[in-house]
Amino acid sequence: MTNSMEMKVSMKKGVGFYIRAAASFLKGVEAREAAEGKEAVEAKAPVDELKISGLGEAINAAVTSATRAEADGLGVITKVETAYPDMTSGRGCAQVVITMTRK
């Protein structure tokens, strides 16, 4: 069984946030003690497969975070899917799903 995670990208946060999040998923996170008003962070193992999905205007952020993670040598893009799912409002919206595997 592969360790898989999906990261849904939106326009609420900047592209840099998603680049750092993708790096954290693919590299893992070390445990840190609570210091200077920040809470303690528990260690998290890296995931083997990361799916980055973006809808509408967030497609650019999804593509940027995936290509940056690949350029940094954290993983390899193995699949790119596009779709035009029906939305509750009646109109469709473009979607991209990028599958990455850890190096």
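This tour moves through the structure one selection at a time, from the whole chain to single residue pairs.

**The whole chain**

Begin with the protein chain in full, bearing in mind that the model is predicted. The C-alpha trace spans about 50 × 30 × 25 Å along its principal axes. Colour the chain by secondary structure, and two helices and four strands appear. Followed along the sequence, these elements give the pattern β-α-β-α-β-β.

**The sheet**

Next, select the four strands together. They form an open sheet with mixed pairing, and the order across the sheet is E1-E2-E4-E3. Which strands lie at the edges? They are E1, residues 4-9, and E3, residues 75-83, each of which pairs on one side only. Neighbouring strands are turned against each other by 20 degrees on average, if direction is ignored.

**The strand pairs**

Strands of a sheet pair through backbone hydrogen bonds, and the pairing may be parallel or antiparallel. The pairs can now be visited in the order of the sheet.

- Select E1 with E2, residues 49-55: the two strands run parallel and are joined by six bridges. To see one partnership here, display Ser4, whose bridge partner in E2 is Glu49.
- Move to E2 with E4: these strands run antiparallel, with seven bridges between them. Ser53 has Val97 in E4 as its bridge partner.
- Finish with E3 and E4, which are antiparallel and joined by eight bridges. Here Lys79 stands opposite Thr99 in E4.

**The helices on the sheet**

Keep the sheet in view and add helix H1, residues 15-27. H1 lies across E1, E2, E3 and E4, the last of these being residues 95-102. The direction of H1 is at about 175 degrees to that of E1. Then add helix H2, residues 59-71. H2 also packs on the sheet, where it touches E1, E2, E3 and E4. Its direction makes about 15 degrees with that of E4.

**Where the helices meet**

Hide the strands and look at H1 and H2 alone. At what angle do their axes cross? The crossing is at roughly 45 degrees, and the axes come within 9 Å. H1 is therefore oblique to H2. The crossing is right-handed.

Show the side chains at this contact. From H1, select Val15, Tyr18, Ile19 and Leu26; from H2, select Ala61, Thr64, Ser65, Arg68 and Ala69, which they meet. Sorted by class, the contact holds six nonpolar residues, two polar residues and one charged residue.

**A salt bridge to end on**

The structure holds two salt bridges. To view one of them, select Asp48 and Arg102, whose closest N and O atoms are 2.9 Å apart. Which parts of the chain does this pair link? Asp48 belongs to the loop between H1 and E2, whereas Arg102 belongs to strand E4. The two residues are 54 residues apart, and the pair thus links distant parts of the chain.

Notes: Residues are numbered from 1 along each chain as its sequence is written. This is a predicted model: local features need pLDDT of at least 70, side-chain atom pairs count only at pLDDT 80 or more; totals for chains, interfaces and linings use all residues. Side-chain values use heavy atoms; hydrogens and water are left out. Axes are lines fitted to C-alpha atoms, for helices over the stretch in contact, and angles run from 0 to 180 degrees between N-to-C directions. Angles under 35 degrees count as roughly parallel, over 145 as roughly antiparallel, 65 to 115 as roughly perpendicular and the rest as oblique. A crossing is left-handed if the near helix is turned anticlockwise from the far one by less than a right angle, and right-handed if clockwise. Contact means heavy atoms within 4.5 Å. Ala, Val, Leu, Ile, Met, Phe, Trp, Tyr, Cys and Pro count as nonpolar, Asp, Glu, Lys and Arg as charged, and the others, Gly among them, as polar. Two strands pair if DSSP finds at least two bridges between them. A salt bridge is a side-chain nitrogen of Lys or Arg within 4 Å of a carboxyl oxygen of Asp or Glu.
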